[in-house]
Amino acid sequence: MTEPNEDQATDSLFDAPPLAEQERMVEAVLFASAEPVTVADLEARMPHGSNAAQALDLLRKRYEGRGVAVVKVGEAWAIRTAPDLGFLMQKETVETRKLSRAAIETLAIVAYHQPCTRAEIEEIRGVSVSRGTIDQLLEMEWIRLGRRRMTPGRPVTFVVTPQFLDHFGLENARDLPGLKELRAAGLLENRPPPGTIPLGEGREEDEDDDDQTELFEEE
């Protein structure tokens with residue numbers, strides 16, 4: 001009987017587990033993780049030679065039509081409640097605060113026009129944006145700093161974060177509802193087109209005005 005040589009024995013140590021077992025591993029990581037997980041992170045956790053992307057695809061198909069689904073959030077993946085069953089969770093959530101109109105408008109402008117600068121946000125809103133509104137959105141990690149514009153002064157830009165996409169169940173910013181839908185829901189006011197109101201001539205956002213600068217309003 002031929003004995004396996006040393007090279008063959010070494011190779012056997014790095015055999016990837018069966019695909020079904022890899023699928024179970026991916027399921028365990030996604031289930032236990034509070035944040036979405038990238039394919040690269042999955043492969044870093046799994047045994048050498050594993051194909052996390054293939055295992056993830058199998059898991060996603062297995063969960064189709066179930067109470068939870070494997071969804072893509074930006075460049076990462078997570079297990080979330082099926083969208084059509086979200087109403088079942090409403091009784092478990094107590095909402096005591098909501099975003100102010102100033103914060104909603106600022107957040108919506110960043111989401112739809114990213115990357116955009118503070119001056120561009122003010123131009124679209126027709127109002128000076130208070131520092132507190134942007135700072136609070138940054139602290140919530142719903143927006144973040146993007147690349148600087150290659151224009152005079154090199155102003156910073158703002159973009160939405162994976163946390164924002166995850167909170168609203170979006171794969172990417174292209175899945176956002178249309179502006180008409182937002183206005184119909186009362187989330188955006190009908191404002192004049194950008195550029196029709198020079199900055200400084202419209203209403204200003206008072207830093208002490210709770211209706212405009214506070215990120216949250218008490219119910």
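Me: In which order do the 3 strands of the open sheet stand?
Reply: In this predicted model, local features need pLDDT of at least 70, side-chain atom pairs count only at pLDDT 80 or more, and totals for chains, interfaces and linings use all residues. Residues are numbered from 1 along each chain as its sequence is written, and side-chain values use heavy atoms, without hydrogens and water. Strands are DSSP runs (E, at least two residues; helices are H or I, at least four), numbered from the N terminus, and two strands pair if DSSP finds at least two bridges between them. The pairing is antiparallel, and the order is β1-β3-β2.

Me: Why is one side of β1 and of β2 left without a neighbour in the sheet?
Reply: β2 pairs with β3 (residues 76-81) over 6 bridges, with V70 opposite I79. β1 (37-38) and β2 (68-73) each have one side free because each stands at an edge, with a single partner strand.

Me: Which element gives the largest share of the largest nonpolar core?
Reply: A nonpolar core is a set of buried (under 20% relative accessible area, 1.4 Å probe, protein chains only) Ala, Val, Leu, Ile, Met, Phe, Trp, Tyr and Cys residues joined through side-chain atoms within 4.5 Å. The largest has 20 residues, and L107, V110 and F158 are among those with the most contacts inside it. Elements giving two or more residues to this core include α7 (131-139) and α8 (162-167). The largest share, 5 residues, comes from α5.

Me: How many residues has the other core?
Reply: This core lies apart from the largest one and includes V26, V37, Y63 and W77. Its residues number 14.

Note on methods: Buried < 20%, exposed > 50% of the residue type's maximum accessible area, 1.4 Å probe, protein only.
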